[in-house]
Amino acid sequence: MFHPAWIPPALDPDVEKLKRVRIIAGTVAAVGVYTFVQGGFAFDEMLENMLTASVVLLFVTPLTVGAMLYRWRRTGPVRELRQPLLRSMQLLLAFVGTIVGTVVLWKLAAGSGLLVLLLGLAALWLTVFVGYGAYLVSGNFFGTAVVHRCLPPLLATVTSWLMALPDLATGDLHGLSLTLGVLFVLGAPVTVTGISLLEMGRLRSRHGIRLDTHPAVRPRPVPPMPAAPPPYIPPQPPHAPQPPHA
């Protein structure tokens, strides 16, 4: 559902592996902090963070894409990008709706009596479904690569920083010390930014794709590296004639 057939395959498998490792490591770190540091799994806080992430995605993604459309329109028409953008926005709305449905189910399960088992199982299944969906969209960022290959790393960077800044502004370090708290809060955006810069750098150097270039402009092929010249061998003097053997 969150990786339909119209999403183009990744151009750099190594970067995709780094994204997968980052989201798995981030999930393990978050669960560890919410469980062991805060003295019991902070389930309500996790649900609040899920809703906050949904709101950030719902507003930041269209605003960032709109800013890039405004820049691209200077060098080419943007009307032809409407169809792929609509498909990406539909995928975003489906993901956000699934998150909201998961939170609502958990709230209903906590306040229900006889239906707690049924609602709890449904909420648990939906939580696993959302987690797998987050794992998939971490690479393609709702299929925005179909619009421009540099949009997924850009959107991932902007979103991760907007998610981290409120914790820094309010001083919410999740029960950690100052040093560990800052490392925990900044770990995600700094890592995402590093991987995004690596991805955009490889797109530019290996495929000629730049963020500020209109998507309709075909990238210039990157010329291959010239072959190394053969090693220089100085001319050898002619061999002197050997005397005949006696």
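In the predicted model, T144 is found in the loop that lies between α4 and α5, the latter comprising residues 151-170. T144 is buried, since its relative accessible area is 0%, a value under the 20% cut-off for burial. When residues up to four places away in sequence are left out of account, T144 touches S88, L151, P152 and L155.

Helix α4, which spans residues 116-140 and therefore has 25 residues, reaches 36 Å from its first C-alpha to its last, and this span is close to the 36 Å expected at 1.5 Å a residue. The buried residues of α4 include L119, G120, A123, L126 and V130, and the list continues with G133, L136, V137, S138, G139 and N140. Just after α4, a positive phi of about 45° is taken by F141.

Turning to the surface, a nonpolar patch of about 510 Å² is made by V55, L58, F59, L63 and L93. The largest share of this nonpolar patch, amounting to 4 residues, comes from helix α2, which covers residues 43-72. One of the patch residues, L58, lies in helix α2, and L58 counts as partly exposed because its relative accessibility is 32%, a value that falls between the 20% limit for buried residues and the 50% limit for exposed ones. The same 32% is also over the 30% relative accessible area that is required of residues in a patch.

How values were computed:
Residues are numbered from 1 along each chain as its sequence is written. This is a predicted model: local features need pLDDT of at least 70, side-chain atom pairs count only at pLDDT 80 or more; totals for chains, interfaces and linings use all residues. Side-chain values use heavy atoms; hydrogens and water are left out. Helices (H or I, at least four residues) and strands (E, at least two) are DSSP runs, numbered from the N terminus. Buried means under 20% relative accessible area, exposed over 50%, partly exposed in between (1.4 Å probe, protein chains only). Patches are made of residues with over 30% relative accessible area and no salt bridge: like charges are joined within 9 Å, nonpolar side chains (Val, Leu, Ile, Met, Phe, Trp, Tyr) within 5 Å. Accessible areas come from the Shrake-Rupley method with a 1.4 Å probe; for residues, only the protein chains shown count as cover. A salt bridge is a side-chain nitrogen of Lys or Arg within 4 Å of a carboxyl oxygen of Asp or Glu. Contact means heavy atoms within 4.5 Å.
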